[in-house]
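Please read these points alongside the coordinates. They cover the ligand sites, the cavities and the confidence scores.

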Amino acid sequence: MFEADPVMLSRILTGLTLAFHVIFATLGVGVPIMIALAEWMGIRRNDPHYTMLARRWARGFVITVAVGVVTGTAIGLQLSLLWPNFMQVAGQVIALPMFMEVFAFFFEAIFLGIYLYTWDRFKSKVRHFLLIIPVILGATASAFFITTVNAFMNTPQGFELVDGVMRNIQPLEAMFNPATPTKTAHVIITCYLTSAFILAMIAAWKLFRGNDHAYHKKGLHLSMVAAFIFSIGTVLIGDLSGKFLAEYQPEKLAAAEWHFETETEAPLVLGGVLNDEGEVEYALEIPYALSILAYGTPGAEVEGLNETPEDLWPPLWVHYAFDLMVFIGMYLTFISGAYLAIYKFKRHLLYNRPLLFGIIAGGPLAFVAIQSGWFYAEVGRQPWILNGLMKTAEGATQADHVGLMLILFILLYLFLGISTVLVLRGMFKKKPAEQELYERGIETRGDSA
Amino acid sequence: MTYEVLGITVLWLFLYGYLIVASIDFGAGFFHYYNKESKKDYRINKLIQRYLSPVWEITNVFLVFFFIGIVGFFPDTAYYYGSALLVPGSISIILLAIRGSYYAFNTYGAKDNRLYSFLYGATGLLIPASFTVVLTISEGGFLEVTDDRVQLQYGALFSSGYSWSVVILAIVSVLYISAMFLTYYANRAGDPQAYQLFRKYALFWSAPTIAACVLIFFTLSQHNPEHFSSMISIGWVFFLSLLFFCAAVALVYQGKYLGLAFVLVMLQYGTAWFGYGASHLPYLLYPYLTIYDGFVNEAMAIALIAAFIGGLLLLIPSLYLAMRLFLFDDEYVQGKK
Ligand code: HDD
Ligand code: HEM
Ligand code: HEM
């Protein structure tokens, strides 16, 4: 039975590869900006602690980039292998941003190579700092381009469909479709946010374990300030994404909100379960909130799932994915805000254990939000691969052995995931920050703030 | 030049770029492992690493460029090759993934580990071998195409003399190209011991390279006479390639002008590669798909070409900078930086 349905297996394999890739892709887009901030602070304040942060973050970054590159290569090839029919049709319209993405990678790869191997080669420190700028631009641009492809799958435009063939194609219009602004902005800022939280998590962990070296405190402070700014941005842009959905993909929003009947003054449903009659039970309802999320006013009318034929409904479990993402978004804003408030008003309490613990939890939670956000966005588009035009089942490969490939890839990702963790741990355990500061003659042993 | 020909030429050029840079990388991985096992001087491996470390990611992008580019310019290839190559393609991906990540783990991460180094060396030969499937099936005769399905005939593939001779050529070429480059690089690095070793490898692998080429000509003439006869009609290109080969080997044998010798190797493969490609046209997949019926619409073609020119303007100066810092900076090459 399992072997019989290449469509389902293709979907699982695509979802698996993307879900694994996006872990590394997120760090690939976000960490360079944090490295740049640290290196810049090091130059501005002439503080070697920050420079050391930049160095050590960059060293870990190389490992995650490597896995990002190989899993990205995998998904790039897999799109043709698993979705040949989809690529044949959509390729006519959407090749441009994919092509440009490769250039962005190329640009990033070149400068990353240079950046990593020239730490002590230039006389001027600013010169080395400047080399990270193209890395940031390349990474962010590649996220932008690939996300426009995904945006196109949600709101396809820029062509006319005549007898199943695409005509009168306008590549730029396809790329800048209605989903592009909110989608790219939300994806990029959440990459930044997640990376900031992961780095904060590491520093907080050290402090939590009783290591109170100034190096970790500075690392925590820098990443918390950045995380707070990014989290505000995330929530604001997430709100705009909701307004986009209300206008262009109302069925996706309705599925996420279990909003079955079109109505004004729509409430927001949080959590809950669906009973056998398809009614919502045990949920928390916030009056007017859905109308506000969708249109910004409490009285607005929000389209319900009743407008969509039932066989075109997305799976209703996306509700939980959406709630989880939004909840984590609020949490991350709250915890980074709390850090800043305590820093400003009650600094002697700054490194209290509950707060540190809350920050540590933020790292993995941010990744949970990334995953649940993507699962919501992709599964919420079902049954369409190209919204309204091509069903997912029509896009998939007819080939045999997809199930076998799925097993091989599961093994590969297990292998890669475990090795990555082991290598990163080994790398930083072998040489803790204190020891490296000492070896580079930046401070003597036992020196701390 | 029509858009179709322009498109395929650009892609072929990038695949050629990948052929050269990846062969260096793949072969270096193999030599790295081999030297380590046979306890050759450890410094030689340092030399290999110093070259590879900053560039491996760049190498990978050449490949990505090709496969994203080909479905961009020729979306129908996604249908035919994508459907046919699920299994061999996935195996290539897995090998590439193991290679790339373990390279990074070994170089930046934990201490030099024997298993990592083995994986790195072995995949260096397996990947080129697995990639050859694409070129092989493009000659036709290995696919069963029905209305809604494209299937690879594994029996035909594994029992074909042609397909095995392509595999052999790919592996010996990797070792030959890589050894030729490392001979040059070791000489620049002022490391006589490494230089002698790689010179030996380079000369050793030169004869099998030519033998494999002859074998290909022979098996192709059996497998696809039409393609073979159009290769013969531009036979001078392949003759030129042979001359470049002889000159390159002669220079390395005498130990002179090693930079020029490597340029000659590039010309040897360049002429053969473009000769092979040109004589293969108009087919992308014999006899089902030509560059004319598989081509993307005109608006997208223009957009892609414009993006390509824009991209090159960005990349060429950056690549130049990288080469100046790593390849042509004597102090870096000699390990003083
Ligand atoms: C750290 C990660 C993270 C956090 C905290 C949030 N999001 Fe998000 N969200 C994503 C990570 C993400 C994502 C992974 O980046 C998605 C998946 C697809 C996409 O476009 O972005 C996404 C999609 C996504 C969508 C669907 C867009 C579409 O399918 O076109 C909406 C409506 C929201 N988000 C709304 C929000 C709101 C209102 C949040 C606030 C509290 C929020 N998100 C927090
Ligand atoms: C990087 C973050 C992404 C993640 C984590 C992700 C996740 C997923 C998941 C889980 C599925 C399976 C959904 C299902 O079938 O139920 C899926 C499907 C798919 N996604 Fe995405 N996606 C991402 C971005 C993209 C982008 C940018 C593209 C476009 C190039 C894309 C193309 C596809 C395709 C072709 C499918 C298969 C059709 C389908 O099942 O919807 N995805 N993705
Ligand atoms: C929105 C989700 C995605 C983001 C943010 C993202 C970002 C990234 C990043 C940061 C890398 C590492 C490259 C580097 O650091 O040089 C990467 C690699 C890669 N990604 Fe993704 N990616 C996403 C989804 C996808 C999808 C859906 C595809 C398939 C079309 C894809 C194709 C690739 C390829 C081919 C590479 C390897 C490039 C190379 O060789 O350098 N990515 N991606």
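1. The shell around ligand 2 divides by class into 12 nonpolar, five polar and three charged residues. Here Ala, Val, Leu, Ile, Met, Phe, Trp, Tyr, Cys and Pro count as nonpolar, Asp, Glu, Lys and Arg as charged, and the others, Gly among them, as polar. This is a predicted model: local features need pLDDT of at least 70, side-chain atom pairs count only at pLDDT 80 or more, and totals for chains, interfaces and linings use all residues; side-chain values use heavy atoms, with hydrogens and water left out. Residues are numbered from 1 along each chain as its sequence is written, while chains are lettered from A and ligands numbered from 1 in the order in which they are written.

2. Which residues come nearest to ligand 2? Of the 20 around it, they are A:R11, A:F375, A:E378, A:R381 and A:Q382. A residue is near a molecule if one of its heavy atoms lies within 4 Å of it.

3. Ligand 2 has polar contacts to check (pairs of N or O atoms within 3.5 Å; within protein, one must be able to donate a hydrogen and the other to accept it, and residues adjacent in sequence count only if both atoms are side-chain atoms). An N or O atom in the side chain of A:R11 is 2.5 Å from an oxygen atom of ligand 2. For A:R381, the distance to an oxygen atom of ligand 2 is 2.9 Å, again from a side-chain N or O atom. A nitrogen atom of ligand 2 lies 3.4 Å from a polar side-chain atom of A:N150. Helices α1, α5 and α12 of chain A each give two or more residues to this shell. The largest share, six residues, is from α1(A). Helices are DSSP runs (H or I, at least four residues), numbered from the N terminus.

4. Now the iron atoms. A:E378 (OE) is the only protein donor of the iron atom of ligand 2, at 2.2 Å. A:E378 sits in helix α12 (residues 353-379) of chain A. For ligand 3, the iron atom has a single donor from the protein, A:H21 (NE2), 2.1 Å away. A:H21 belongs to helix α1 of chain A. Donors are N, O and S atoms within 2.8 Å of the metal (3.2 Å for Na, K and Ca); water is not among the atoms, so sites may look incomplete.

5. Is the ligand 3 site shared between chains or confined to one? It is shared, because residues from chains A and B surround ligand 3. Of the 25 residues around it, A:H21, A:G72, A:E108, B:E57 and B:N60 come nearest. Side-chain N or O atoms approach oxygen atoms of ligand 3 at 2.8 Å from A:E108 and at 2.7 Å from B:N60. The shell holds 15 nonpolar, seven polar and three charged residues. With seven residues, α2(A) gives the most.

6. B:N60 also appears among the residues closest to the centre of the largest cavity, with B:D25, B:W56, B:L96 and B:R99. The volume of this cavity is about 150 Å³. Its lining divides into eight nonpolar, three polar and two charged residues.

7. On confidence, the model scores ipTM 0.80 and pTM 0.86. Chain B has a mean pLDDT (the predictor's confidence in each residue, from 0 to 100) of 78, and 90% of its residues reach 70 or more. Within chain B, helix α14 (residues 330-333) is lowest, at a mean of 62, and helix α8 (residues 161-188) is highest, at 84.

Notes
On a 1 Å grid over the protein atoms alone, a cavity is a set of points where a 1.4 Å probe fits but cannot get out, and a pocket is an open set with protein on both sides within 12 Å along at least five of seven lines; lining residues have an atom within 4 Å of a point. Grid points are joined across faces, edges and corners, and a volume is the space filled by probe spheres set on the points.
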